[in-house]
Amino acid sequence: MQDLIVTQGLTKIYTMGDNKIHALADVSITIRAGEFAAFVGPSGSGKSTLMNLLGCLDTPTSGTYHLGGRNIGKARGNELAHIRNRRIGFVFQGFNLLPSATALENAELPGVYNGMGMRARRRKALDILERLGLADRIHHRPYQLSGGQQQRVAIARALMTDPDIIMADEPTGNLDSATGHEILELLRSLNESGRTILLITHNQDIASYAERILNLIDGRIVSDTGEGSAAS
Ligand SMILES: Nc1ncnc2c1ncn2[C@@H]1O[C@H](COP(=O)(O)OP(=O)(O)OP(=O)(O)O)[C@@H](O)[C@H]1O
Ligand SMILES: [Mg+2]
């Protein structure tokens, strides 16, 4: 499979007054299309910083990042947003759903921003929610859903734009272990249907769902099990 994510010497330094925090130091990695990779490391090791860079949510202090052959460092703000919206779906620990909106309205949201027509986005959101086993929960608001159901709504929302990459930052952090495993199985099935999955976690057991594990300590990749057997 082709190289999808390629970084060279990716570095992020946060400056706070006289203090410089090396959140990410010299990260050079290649992720191929179709891989399921987990980034694992303790709190503060730079996992979210790395995801923000790979997800085009932030720019590095130095180093380069190519996504699908495109030099992201040279992309401008609105171009960056366009690449992000078209290619990447995000899933977060806290679900980040709109509390006053129903499951259906939450899932539809990226279609609203994308300028999809109302009927088309409704049909698409319904279809995705149904596939994720939420057909009988579409009119529920987040507080009327279990944690696992809320996370599935968040995953449905991430799938609305047909992203080829899903980035999940501690997606099971707020779930009990059985529900967490369901969500990880869902990510695995999305990988089997061809999507590239980047999973971020501090937990080695959770990381073992991935084909490839990269360990981060103090902003550096200290081990990498190597490219997985990405679906060819
Ligand atoms: N906006 C910021 N300004 C200054 N320092 C930051 C900022 N964001 C992160 N940091 C620092 O960078 C380091 C890496 O943070 P990061 O959030 O990437 O860690 P993490 O591995 O995701 O941790 P956790 O598992 O707790 O989520 C930490 O020392 C953190 O304090
Ligand atoms: Mg984090």
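**Close-up 1. In this predicted model, α5 passes α6 in a right-handed crossing.** Helix α6 covers residues 177-192, and the axes of α5 and α6 sit 9 Å apart at an angle of about 20 degrees. That makes the two helices, α5 and α6, roughly parallel, since angles under 35 degrees count that way. If you want to pick out the contact, look on the α5 side for Gly147, Gly148, Gln151, Arg152 and Ile155. Their partners on α6 are Thr179, Glu182, Ile183 and Leu186. Sorted by class, the residues of this α5 and α6 contact come out as three nonpolar, four polar and two charged.

**Close-up 2. Here α5 turns up again, this time packed with α3 at an angle of about 30 degrees.** Helix α3 is made of residues 103-114, and its axis lies 7 Å from that of α5. So α3 is roughly parallel to α5, and the crossing of this pair is right-handed. From α3, the contact takes in Ala103, Asn106, Ala107, Leu109 and Pro110. From α5 come Val153, Ala156 and Arg157. The class count for the contact of α3 with α5 is six nonpolar, one polar and one charged.

**Close-up 3. Helices α3 and α4 pack at an angle of about 125 degrees.** Their axes are 9 Å apart. Is this pair parallel or oblique? The answer is oblique, because the angle of α3 and α4 falls outside the ranges counted as roughly parallel, antiparallel or perpendicular. The crossing of α3 and α4 is right-handed. On α3, the residues to find are Ala103, Leu104, Ala107, Glu108, Gly111 and Val112. They meet Arg121, Arg122, Lys124, Ala125, Leu126, Ile128 and Leu129 of α4. Eight residues of the contact of α3 with α4 are nonpolar, one is polar and four are charged.

**Close-up 4. Tyr113 sits in helix α3.** Is Tyr113 buried or exposed? Tyr113 counts as exposed because it has 11 C-beta neighbours inside 10 Å, and 12 or fewer is the cut-off for that label. For a landmark, try Asn85: Tyr113 and Asn85 are 28 residues apart in sequence and 9.3 Å apart in space, going C-alpha to C-alpha.

**Close-up 5. Ile138 belongs to the loop between α4 (118-131) and α5 (147-159).** This residue, Ile138, is partly exposed, as 19 other C-beta atoms lie within 10 Å, and a buried residue would need 20 or more. Which residues does Ile138 contact, leaving aside its neighbours within four places in sequence? They are Thr102, Ala103, Leu104, Leu126 and Leu129. Among these, Ala103 and Leu104 of α3 also take part in the contact with Leu126 and Leu129 of α4. As for Thr61, Ile138 is 77 residues from it in sequence and 43 Å from it in space, C-alpha to C-alpha.

**Close-up 6. Ligand 1 has 13 residues around it.** Which of them come nearest? Those are Tyr14, Ala23, Ser43, Ser48 and Thr49. The elements giving two or more residues to this shell are β1 (3-16), β2 (19-27) and α1 (47-54). Helix α1 provides the largest share, three residues. Broken down by class, the shell around ligand 1 has four nonpolar, eight polar and one charged residues.

Key
Residues numbered from 1 in each chain as written. Chains lettered and ligands numbered in written order. Predicted model: local features only at pLDDT ≥ 70, side-chain atom pairs only at ≥ 80, totals over all residues. Helix = DSSP H or I, 4+ residues; strand = E, 2+ residues; numbered from the N terminus. Contact = placed C-beta atoms within 7 Å. Near = placed C-beta within 6 Å. Nonpolar A, V, L, I, M, F, W, Y, C, P; charged D, E, K, R; others polar. Axes fitted to C-alpha atoms, helices over the stretch in contact; angles between N-to-C directions. Parallel < 35°, antiparallel > 145°, perpendicular 65-115°, else oblique. Left-handed = near helix turned anticlockwise from the far one by under 90°.
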